[in-house]
Every structure is written in C-alpha cells, then in structure tokens.
Number of protein chains: 2
Amino acid sequence: MTTTTEENYLKAIYHLSTGNQDSVLTSAIAGSLSTSSASVTDMIKKLSEKNMVEYERYHGVKITRKGEKVALSIIRRHRLWEVFLMDTLKFKWDEVHDLAEELEHVSSDELTKRLDAFLGFPKFDPHGDPIPDTNGKVHSNGQVLLSEITKKGKYILSGVNDHSPSFLQYLEKKGLIPGSIFSIVEMDEFDNSMQIIFSNKSPSLLAKKLAKTF
Amino acid sequence: MTTTTEENYLKAIYHLSTGNQDSVLTSAIAGSLSTSSASVTDMIKKLSEKNMVEYERYHGVKITRKGEKVALSIIRRHRLWEVFLMDTLKFKWDEVHDLAEELEHVSSDELTKRLDAFLGFPKFDPHGDPIPDTNGKVHSNGQVLLSEITKKGKYILSGVNDHSPSFLQYLEKKGLIPGSIFSIVEMDEFDNSMQIIFSNKSPSLLAKKLAKTF
DNA sequence: AAAATAATTTAGACAAGTCTAAATTATTAA
DNA sequence: TTAATAATTTAGACTTGTCTAAATTATTTT
C-alpha cells in the first residue's frame, strides 16, 4: 500500500505538523529527511494523489486524517520496537532509535499487536514519548516542557525531545534518565535559566527546552 | 553494503546450490524468485562484479565463499526471527515465514547477537532447519530425509523442507509437529511408500520426501 | 551433423526515487 | 511598489530493479 519512502515522508510531515497549525514547508521536510527540495516536491505530488496530504504549490502541505493515520501507525510500531529493544534485548536508550527506524517498516498489524501484548501494553517509549493506540489516538498524560514550567518544586523527568545519541549519552552520564526525580530550586527570568537538583548530587545548570516533564 | 534484493538473490542461489555441485541455472533462480530470466541475468552480472558469484554466460552461476557468507548471515537472521515469532510472540509455525522474510533484512549484527542470546542460543528453527552460527557454519546434527530411511523403527520428526502454510497446516492437523515420535512399520519398495504410526493414532500413508528426520 | 527446440542474453523501455541547474513564484527591502 | 532575495517547482538526467521482445547460444532430435 505505502512504500517505506512514503512512510518516512509522512512521518516527517506529521512530526513537523504537530504543535503548529500552518502548512509544512517543502524546505523543512527536505531538511528533516536530508534530501533536496526538488525530491520533496516530487514525493508530495505523489502523496497528494493518494490523498495523504493537501498540497497547494508554493505553499507547502497539510497532512490529511488519512495520512496522519499512516504516520501514527508507523510511529506506534517505532516506539513499540524501541521498548522491545531496551526492555527485552537490553540495548541502551541511545542505541534504539536507528534500529527501530528499520523495524517500523515491517508491515504486519498482527506482529504489532502481538509485540504490544508481549511487552505488556506499554504507554510510553524509552524516551518518554507516548505510544499511539491502534486507532491512532495519542494520550500524552500531562507531560509539560521543562522550558514551560513556571513554578519551583519537585518533578519527574518523563522524557526528552532530542533523541540524538550524543545528547542521550550526556544525560545518562549526568544521571538523568526517564523516571529521575528532580527539584527546580531557582528560576532566573533574566536569561531563562533554572537551577535543578537531582539524584542527591550537586546542583547543575541546564539549558531550557531540555526535557518534557510532569 | 548489500541491498535487500541482492540478499534475496544470494539466498536463492545458496539454497539452490546446497546438495548439488553444479552451477545454478538462470531459469532456476528466476523460478525461485518469481521473476524473469532477463532480470536474473542482470542481477547476476552485478553480483559477479562484487565477487559474490562466479558467472560464465549461458552456463549459470556458482556462489563464492564471500556470497555464501552473506547468504548464511541472512539465513541465520531469518531462522532466529522465526524462533522469536513462535517462542516469544506465539505465532503458529505456518505464519512465521513471511514475517521473517521481512525481518531478516534489518541490518544489525548487534541486534542478531542479542536476539540470539535472548532466545537462549537456539540451534534449530521451528521447521527443524539448523541455524548457521556467527562464522557461517551449519551444524546439521544427523538429520536424514524420510525418503532416504531404509530401516523400520522409531524416529523423531525434526523438521520439514516444504515451508508452505498449507502443508504445515495439513501436518499440524494430523498431529505431526517437530518433536513428534513416529514409527515406520512397513516399507514398500514397489512405489516407495511407507506406513508410519504416530501419536497413538491410526496408521497413515505419507508420501516420500515429507520430512527430515533422525 | 543439420534442424528444431529450449534456454539465455541483449536491447530498449519503464517506474520509483533521487539529483543538479534553470525557471518560476513569493517575500522582503528599499 | 518596484527591486532584490529567497523559496519552490520544473526540466532533464541518473540508478536500481524490473519487464517484453528479439537475438544469440546450447541442447536435443532425427
């Protein structure tokens, strides 16, 4: 039905869509997939033919409900495989992304269903991202960006938005992994920095937009 | 390094090679992969360039040690995934082949290694086929074709050569699964048939070449 | 051993996905 | 609101893997 390439485009468009109402720009998709704008234009035409996106030339695309469903099914598979790779095969959290990127394209709903059951119907992946359900619904469970917290107090690190191995390794070295409890002890409006304490260790200054928390 | 298509060609050539010394014919490969002879010729040239096969035009191909290693690594992955699908995800033995056919192309030796460990280093897949080791060695453990047995007596069904879902379902309905003990009670040289008894049920006449046994 | 048949290869074309360079359209600046 | 710049699309080409039809080589038959 959909090729691996189409699936990757839909995933990218979906991710670029979430949290902003506007159309997704050709150049943004090209950047996200490390390909040329010309290639993106070609593929967008194809996806538009299949009613996966709404396309108006020179004005980017909007993903349709149909396209979104495909994207969410791939994202569901991706995150379930990540759980499998960490929980079952004991990979580290900075190693699972690239493998899941391949496994997500194995096209069997029955496989996804059984994997889900085997893993105990997990609701979040190892990076704290919610796993969409079979109907393409996402339950985000009150997570909030660290950069958007306005009150001091205790929080739990539930996940991160940056999945790059280097960032994940950095966090792990600091002792910050999903589930870590930390306290915001000081917030400075001048430069949007905050001081946090965690793991009974010394305070550490972290840049904003570090993590999703609740 | 190798594409999915190249891997599938090498697998087919390897399977057609085992147990016969000769070159593998273009038409045999075409038949096995349900493609045209013209396509096979094209791909063979490519594999020959990469020293995966030795090619003499109009006279078929022989797989090289290099090509064989690639084939065996894919077959190893295939069979490990089959074990995973049956043992861990509880698929039935006639459902695992097609899924494993997709999973085998996920290219990570580390993944294969960890999957192997998780499954407890299995030596055979659910159809009784031996799982090649990391070095590309196959330990076949004294299995023998049912059609080549000459003595009456008790045997264990260790596997089958025909992996088609319909045949596997037929066997399962009869109660013949890997591990089943059966006795050959009569052999008829006239038509190469044999009478076997298994599972405390009534005798059943089975065609030759049904299964590998030891 | 020549003729007929079967198998294989070549030639030319196609689809998917990609690229660069040129042309077009939007946006920003003056 | 025209000029300059930036983004997007089109045009044409390339790669991988495939196909059909025609040409070539092997094999079998007589």
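**Two DNA strands and the residues around them**

Modeller: Start with B:Thr41 in this predicted model. An N or O atom of the B:Thr41 side chain is 2.8 Å from a phosphate oxygen of DNA strand C.

Colleague: Why is the pair at B:Thr41 called a polar contact?

Modeller: The cut-off is 3.5 Å between N or O atoms. The pair at B:Thr41 is at 2.8 Å, so it counts as a polar contact.

Colleague: What makes B:Thr26 and B:Tyr58 partners of DNA strand C?

Modeller: The side chain of B:Thr26 has an N or O atom 3.0 Å from a phosphate oxygen of the strand. B:Tyr58 uses a polar backbone atom, at 2.8 Å from a phosphate oxygen. Both values are within 3.5 Å, so both pairs are polar contacts.

Colleague: Which elements give two or more residues to the surface near DNA strand C?

Modeller: From chain A, they are α1 (4-17) and α3. From chain B, they are α2 (26-33) and α3. α3(A) gives the most, with five residues.

Colleague: How do you know which residues surround DNA strand C?

Modeller: A residue is near the strand if one of its heavy atoms lies within 4 Å of it. That gives 21 residues for DNA strand C. The closest are A:Thr35, A:Ser39, B:Ser27, B:Lys45 and B:Tyr55. On the DNA side, sugar and phosphate make up 76% of the strand C atoms that come within 4 Å of the protein.

Colleague: And what surrounds DNA strand D?

Modeller: There are 22 residues around DNA strand D. A:Ser27, A:Lys45, A:Tyr55, B:Thr35 and B:Ser39 are the closest. Of the strand D atoms within 4 Å of the protein, 77% belong to sugar and phosphate.

Colleague: What makes B:Tyr9 a polar partner of DNA strand D?

Modeller: A polar side-chain atom of B:Tyr9 is 3.3 Å from a phosphate oxygen of the strand. That is within 3.5 Å, so the pair qualifies. B:Thr35 qualifies too, with a side-chain N or O atom 2.6 Å from a phosphate oxygen. For A:Thr41, the side-chain value is 2.8 Å.

Colleague: Which elements serve DNA strand D?

Modeller: Those with two or more residues are α2 (26-33) and α3 (37-49) of chain A, and α1 (4-17) and α3 (37-49) of chain B. α3(B) gives the most, five residues.

Colleague: How does the surface near DNA strand D divide by class?

Modeller: Eight residues are nonpolar, 10 are polar and four are charged. A residue such as Ser or Thr goes in the polar class because it is on neither the nonpolar nor the charged list. Near DNA strand C, eight are nonpolar, nine polar and four charged.

Terms used:
Residues numbered from 1 in each chain as written. Chains lettered and ligands numbered in written order. Predicted model: local features only at pLDDT ≥ 70, side-chain atom pairs only at ≥ 80, totals over all residues. Heavy atoms only, no water. Polar contact = N/O pair within 3.5 Å; in protein donor to acceptor, adjacent residues only side chain to side chain. Helix = DSSP H or I, 4+ residues; strand = E, 2+ residues; numbered from the N terminus.
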